[in-house]
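Colleague: Could you pick one part of this model and take me through it up close, then work outwards to what surrounds it? I'm at the bench, so plain talk is fine.

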Amino acid sequence: MKVAIVGASGAVGQEFLRVLDERNFPIDELLLFGSQRSAGTKYTFRGKEIEVKLLQHNDDFRGVDIAFASAGASTSKEYAETITKYGAVMIDNSSAFRMDDEVPLVVPECNAEDALVRPRGIIANPNCTTIMMVVVLQCLERLSHIRRIHVASYQAASGAGAAAMAELEQQYREVLDGRPATVQKFAYQLAYNVIPQIDVFTDNGYTKEEMKMFNETRKIMHTDAACSAMCVRVPSLRSHSEAVWAETEEPVSPGDFAEAIRQGQGVKLMDDPANKVYPMPLFLAGTDDVYVGRIRRDLANPNGITFWLVGDQIKKGAALNAVQIAEYLISVGNIG
């Protein structure tokens, strides 16, 4: 199995290296690619030092079975044909192809089989907040069809990359030292603040991040459910949180939903409010699953249920989901 990582020096690229190693992913040869800035950097993987190659329009992807791409939408669009022309399956972590009708958008716990039909040789990895939400909603959908979803996300600095995480830490130090806070990665200072904007605003007043949750949920779950989202950047380092209100066709009891979570894939129940047990990002960074708590009836909707979830957006929200897609393809003999 010959595997490539495009964008190897970024936060998700580095997470790919960790996840592939943790899961003992079958790799005979690993290639790392990056920009002019990161080319020449060396990383150790399974005891072997690998140098990042400059991503170019050449034959470097000849013989590659799987290429994990996380270098941004513009790079993915520019290099997709180069990456896939010799038969490599490109699992793309950017927004470039998510809503392309010829590109499956896959969360293995929800729609793994969609990955088998890929006319362009590309499989899209969904937005991190969408991945985490649909893994949980899939458990609810099995009990009763979901009609509507309202969600407020509380997204960590890590969602904007490694440099954003570093900036948040720097801002805290600067503020505590009485110095002006450095603001480069976000529109405003994030330390001691929350910012109710992630990505740019669209004509309907929703941000692109919020519209991703609307559109991607429908495509992944093959549903007509409408999702109204409010996405907020919060001053935590890693792992996103979401408060979700879902309306189903038939009422679902909190107990039945909790049991569905216990039986679900990629999710774990953490729900004992009497003992102050519920998911929190501080304690769940680096974990694989999406954790669910605060399950209760929606007091404003007889067919509604509400809950809180937390997941590591760099892991399940990005690298792990992509690796799980590749694992599924290998397991059904659809690659390599």
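Modeller: Two residues count as being in contact here when they have heavy atoms within 4.5 Å of each other. Keep in mind that this is a predicted model. Let's start at Ala88, which sits in the loop between α2 and β7. Leaving aside residues up to four places away in sequence, Ala88 touches Val64, Asp65, Ile83 and Gly121. Is Ala88 buried or exposed? The cut-off for buried is under 20% relative accessible area, and Ala88 has 2% relative accessibility, so it counts as buried. Ala88 also has a distant stretch of chain to look at: Ala4 is 84 residues away in sequence, yet the two C-alpha atoms are 9.3 Å apart in space.

Now step out to the sheet. An open sheet of 6 strands runs in the order β5-β2-β1-β6-β7-β8, with parallel pairing. The edges are β5 (53-54) and β8 (122-124); each has a single partner strand, so one side of each has no neighbour in the sheet. At the β5 end, the partner is β2 (residues 29-34), and these two strands pair in the parallel sense over 2 bridges. One residue to find there is Gly34, whose bridge partner in β5 is Leu54. Helix α2 (residues 73-84) packs on this sheet and touches β1 (2-6), β6 (66-69), β7 (89-92) and β8, with its direction at about 155° to that of β7. Helix α9 packs on the sheet too, touching β6, β7 and β8, and its direction makes about 165° with that of β6.

α9 has a helix partner as well. Helix α1 (residues 11-22) packs against α9 (residues 315-331) at about 50°, the axes being 9 Å apart. An angle of 35 to 65 degrees falls in neither the parallel nor the perpendicular class, and α1 and α9 are therefore oblique to each other. The crossing of α1 past α9 is right-handed. On the α1 side, the contact uses Val12, Glu15, Phe16, Val19, Leu20 and Glu22, while α9 brings Lys315, Ala318, Ala319, Leu320, Ala322 and Val323. Sorted by class, that α1 and α9 contact has 9 nonpolar and 3 charged residues, with no polar ones.

For another helix pair, look at α4 (residues 128-141) and α7 (residues 254-263), whose axes come within 9 Å and cross at roughly 120°. α4 and α7 are therefore oblique to each other, and α4 passes α7 in a right-handed crossing. Val136, Cys139 and Leu140 of α4 meet Phe257, Ala260 and Ile261 of α7. The class count for α4 with α7 is 6 nonpolar, no polar and no charged residues.

Last stop, β14 (residues 304-311). Of its 8 residues, 7 are buried, so β14 is largely enclosed by the rest of the structure. Strand β11 (residues 240-248) pairs with β14 in the antiparallel sense over 8 bridges, and Glu242 has Leu309 of β14 as its bridge partner. Strand β13 (residues 290-297) also pairs with β14 in the antiparallel sense, over 5 bridges. Arg297 is bridged to Ile305 of β14, and β13 and β14 make a hairpin with 6 residues between them.

Definitions and conventions: Residues are numbered from 1 along each chain as its sequence is written. This is a predicted model: local features need pLDDT of at least 70, side-chain atom pairs count only at pLDDT 80 or more; totals for chains, interfaces and linings use all residues. Side-chain values use heavy atoms; hydrogens and water are left out. Axes are lines fitted to C-alpha atoms, for helices over the stretch in contact, and angles run from 0 to 180 degrees between N-to-C directions. Helices (H or I, at least four residues) and strands (E, at least two) are DSSP runs, numbered from the N terminus. Angles under 35 degrees count as roughly parallel, over 145 as roughly antiparallel, 65 to 115 as roughly perpendicular and the rest as oblique. A crossing is left-handed if the near helix is turned anticlockwise from the far one by less than a right angle, and right-handed if clockwise. Ala, Val, Leu, Ile, Met, Phe, Trp, Tyr, Cys and Pro count as nonpolar, Asp, Glu, Lys and Arg as charged, and the others, Gly among them, as polar. Buried means under 20% relative accessible area, exposed over 50%, partly exposed in between (1.4 Å probe, protein chains only). Two strands pair if DSSP finds at least two bridges between them.
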